[in-house]
Amino acid sequence: MKRMRLFPKLMLSFFLFALAVLLALMVSLVSTGRFIIGETEEWGAYAVMDDTGEPVDPERVYRLNGWIEKIDADNAVVAVYGDKRNDAQRYTQTELTELIGAGETKNTWVGFLSAEQNGMRLLTLYQRNDIGLQPQLNISSENTDASWVRIFFGIFGTLFVLIMLGMSFFLVRQIRRPLKTITEGLRRVREGEEGVQLDFTAEADFKEIRDTFNTMTKAMKQQQEEKKEAADKRARLLLELSHDIRTPVATVKSIATALSENLVPQDDKPRYYQVITEKADRIGELSESLFTMLKMEDKEAVPQKENTDICELVREVCSHYYSEMETAGLEFTADLPDQALPLSMDRQLMARAIGNLIENAIYYNQTGKAIQVEVKEETAALHIRVFDDGQMIPPEDRPHLFDAFSRGDRARTSRGGTGLGLSIAKTITEKHGGTILYRAENGNSFIITLPLTR
């Protein structure tokens, strides 16, 4: 029954209710019948005397083609009521015994003898072939308002009310327990309690509500944790950005003050102006990185995809950084397929992600001399690998490598960089349905994996 759904159980309950009502009706009829028979035992298909010695209601006997004879103590016929159909004027004791059916007889007539009253008895006679002996209940229209009607409805009404109360109590008990638990759980959620879980046993319908409620509260808790984590991450991001901006702003402010007060020699002014330009560029770079980061974190921000040859895009990005690699004394190699590999992507964002990985290799390759970019196609994916042969990133820094402004990351002590490059590259890749990972292999490899959706 616990595995049954609520609808079949309700149907079964109503069937049992109908069966119980039918049983109550039968019990009421039997009880009323026994009461009526108990009151009417003294009248039947035979005659009895009234106080004057006359038969009571002889018409009942006449309707059954019978007649009534009054006999004295010697069994002689004193009076006849109705149409006498035999010739006997006196009965012997043997004949009378045969008539009233005491012992075997082949007599044509059957009789019923009343109790003696003033030395007289009434003998009710019928032809044996005309009468069948069976219990009868004759209720005439004269006693339709008699006590038996009240007795029947009293018994049946009492049983019906008891059945109705019992069935209602059973159904309410079965439904109220899970509903009470669910209501209590909803109240706890409304009051702000986290991780509320329901645990009760009930029919499959309520189990489905229970499981849905538990899944919902788990999802709500997870969403709250993710929201809190995102808020903390954004707060750290803004805090770190303000820290990084404060230094170039302070430098620009101090130089501007020195220039305005003519504290800088004329020959040094070009160098000071160059510093102001560099710091302004640094602030602009940080602001642009922050804008891109916040834009990519917006769930409603959708990349503007178009069919793009990924090989040609990688060539363009590499050419943009070629002069920087030459200045840093780094040897650059590219391993790209000869044929075009058109993919659906946001050209500008993907160029930004690949460029950030190349910048990361240029800025952080302090001990190595080479940078390599490779594009490789597999059955269901495309891999873009940016490798540098510098000192490998320490294992303790790798779990937080793609976090914005990650503490311990070499970005905090590099010759430039914003500390947002890897985080932006990861966000852009995930927006395109791909993944990005770091692999230590005699150097540092950052690999972007994109699904082959042309």
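**Entry 1: Asn 365**

I began with the surroundings of Asn 365. Setting aside residues within four places in sequence, I found Asn 365 in contact with Leu 330, Ala 370, Ile 371, Asp 388, Asp 389 and Gly 390. I note that the model is predicted.

Next I looked up where Asn 365 sits. Asn 365 belongs to the loop between H8 and strand S8, the latter spanning 370-377. One of the listed contacts, Ala 370, carries the number at which S8 starts.

Is Asn 365 buried or exposed? I read a relative accessible area of 4% for Asn 365. The cut-off for buried is under 20%, so Asn 365 counts as buried.

I then checked the side chain for polar partners. The side chains of Asn 365 and Asp 389 are joined by a polar contact of 3.2 Å. Asp 389 also appears in the contact list of Asn 365.

**Entry 2: the cores**

I turned to the largest nonpolar core, which holds 47 residues. Which members touch the most others? They are Ile 310 and Ile 358. Helix H8, residues 347-364, gives the most to this core: ten residues.

Apart from this core I found another, of nine residues. Trp 67, Leu 96, Leu 99 and Leu 123 are among them.

I listed the partners of Ile 310, leaving out residues up to four places away in sequence. Ile 310 touches Leu 341, Leu 343, Met 345, Met 350, Ile 354, Val 375, Leu 382 and Ile 384. Of these partners, Met 350 and Ile 354 fall within the range of H8, residues 347-364. Val 375 falls within S8, 370-377.

A general remark for the margin: in soluble globular proteins, nonpolar side chains tend to be buried together.

**Entry 3: Val 21**

I moved on to helix H1, residues 6-39, where Val 21 lies. Val 21 has a relative accessible area of 18%. That value is under the 20% cut-off, so I logged Val 21 as buried.

What does Val 21 contact, leaving aside neighbours within four places in sequence? I found Phe 156, Phe 160 and Ile 163. I also checked a C-alpha separation: Val 21 and Met 164 are 143 residues apart along the chain, and their C-alpha atoms are separated by 9.0 Å.

**Entry 4: the whole chain**

I closed with totals. The protein chain has nine helices and eleven strands. Of its 454 residues, 35% are buried. Among contacts with a separation of 6 or more, 64% are between residues 24 or more positions apart. I noted an accessible surface of about 27900 Å² for the chain, with 54% belonging to carbon and sulfur atoms.

Terms used:
Residues are numbered from 1 along each chain as its sequence is written. This is a predicted model: local features need pLDDT of at least 70, side-chain atom pairs count only at pLDDT 80 or more; totals for chains, interfaces and linings use all residues. Side-chain values use heavy atoms; hydrogens and water are left out. Helices (H or I, at least four residues) and strands (E, at least two) are DSSP runs, numbered from the N terminus. Buried means under 20% relative accessible area, exposed over 50%, partly exposed in between (1.4 Å probe, protein chains only). Contact means heavy atoms within 4.5 Å. A nonpolar core is a set of buried Ala, Val, Leu, Ile, Met, Phe, Trp, Tyr and Cys residues joined through side-chain atoms within 4.5 Å. A polar contact is a pair of N or O atoms within 3.5 Å; within protein, one must be able to donate a hydrogen and the other to accept it, and residues adjacent in sequence count only if both atoms are side-chain atoms. Accessible areas come from the Shrake-Rupley method with a 1.4 Å probe; for residues, only the protein chains shown count as cover.
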